[in-house]
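Work through the exercises below with the sequence and the coordinates at hand. Each task is followed by a solution in steps.

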Amino acid sequence: MKSRYDEFSSLILGINKSIQKIKNFEMNNFGLKGKQVQCIFHLYNDEEGISVTQLASLCGEDKGAMSRTIKELEMGDYLYIEERGKQKYRNPIKLTERGRELGRILSERIDEIFSLGSRGVEDEEREKFYQLLRLVSNNLQEICKNYGGDNGN
């Protein structure tokens, strides 16, 4: 019999691998990288702009990696940093018109892919699944606090 750990971790790793493959393929159509999806997605859904620190947290990245992603997208004219103060990590980052168009396309594509990925799952089942997954995630985050740092790294 498979252990709960083996089954759970195999399923989560498999889902993550599939998501990464889809993101890389879809972004390649625009000459971009899969890791940039989260950044554009969150900026598209927040027209007020998001700071580097907030964006890094939302995307699960450290500030250094997020700064590199932002620089790459800024060079491609997908986003800009609204200069409001001297503390660069607090200035809001916003999408350009080109970035907003890409965000719209990505949002539509994400909806399509997740509809296909959840075929056969009823709304009530999906809500219960997410509720349970949040519970497991929160429990594991609490355990990770014992290992130091925010997420056990």
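**Exercise 1.** Determine which residue forms a salt bridge with E82, and where the two partners lie.

Solution. In this predicted model, E82 pairs with K94, and their closest N and O atoms are 3.0 Å apart. The cut-off for a salt bridge is 4 Å between a Lys or Arg side-chain nitrogen and a carboxyl oxygen of Asp or Glu, so the pair qualifies. The two residues link distant parts of the chain: E82 sits in the loop between strand 1 (79-81) and strand 2 (93-95), whereas K94 belongs to strand 2, twelve residues apart. K94 has a relative accessible area of 16% and is therefore buried, the limit being under 20%.

**Exercise 2.** Classify E26 and R109 as buried, partly exposed or exposed, and describe their contact.

Solution. Start with the contact: E26 and R109 form a salt bridge, with the closest N and O atoms 3.1 Å apart. This pair also links distant parts of the chain, with E26 in helix 1, R109 in helix 5 and the two positions 83 residues apart. Next, the accessibility: E26 is buried at 14%, while R109 is partly exposed at 30%.

**Exercise 3.** Locate the salt bridge between E101 and R104 in the fold, then name the network that shared partners create.

Solution. The N to O distance between the side chains of E101 and R104 is 2.5 Å. Both residues lie in helix 5, three residues apart, or about one turn of the helix. E101 is partly exposed at 37%, and R104 is partly exposed at 30%. Salt bridges with shared partners join E26, R109 and E112 into one network. The count for the model comes to twelve salt bridges.

**Exercise 4.** Describe the largest pocket by volume, lining and residue class.

Solution. The volume is about 1200 Å³. The lining has 31 residues, and I15, N16, I19, F114 and Y130 lie nearest the centre of the pocket. By class, 16 of the lining residues are nonpolar, eight polar and seven charged. Helix 1 (4-28) is among the helices that supply at least two lining residues, and with nine it gives the most.

**Exercise 5.** Find which helix supplies the largest share of the nonpolar surface patch, and place V136.

Solution. The patch includes I15, I19, F114, Y130 and V136, and its residues together have about 1100 Å² of accessible area. Helix 6 supplies the largest share, six residues. V136 is in helix 6 and counts as partly exposed at 31% relative accessibility. Patch residues need over 30%, so V136 passes that cut-off.

Terms used. Residues are numbered from 1 along each chain as its sequence is written. This is a predicted model: local features need pLDDT of at least 70, side-chain atom pairs count only at pLDDT 80 or more; totals for chains, interfaces and linings use all residues. Side-chain values use heavy atoms; hydrogens and water are left out. On a 1 Å grid over the protein atoms alone, a cavity is a set of points where a 1.4 Å probe fits but cannot get out, and a pocket is an open set with protein on both sides within 12 Å along at least five of seven lines; lining residues have an atom within 4 Å of a point. Grid points are joined across faces, edges and corners, and a volume is the space filled by probe spheres set on the points. Helices (H or I, at least four residues) and strands (E, at least two) are DSSP runs, numbered from the N terminus. Ala, Val, Leu, Ile, Met, Phe, Trp, Tyr, Cys and Pro count as nonpolar, Asp, Glu, Lys and Arg as charged, and the others, Gly among them, as polar. Patches are made of residues with over 30% relative accessible area and no salt bridge: like charges are joined within 9 Å, nonpolar side chains (Val, Leu, Ile, Met, Phe, Trp, Tyr) within 5 Å. Accessible areas come from the Shrake-Rupley method with a 1.4 Å probe; for residues, only the protein chains shown count as cover. Buried means under 20% relative accessible area, exposed over 50%, partly exposed in between (1.4 Å probe, protein chains only).
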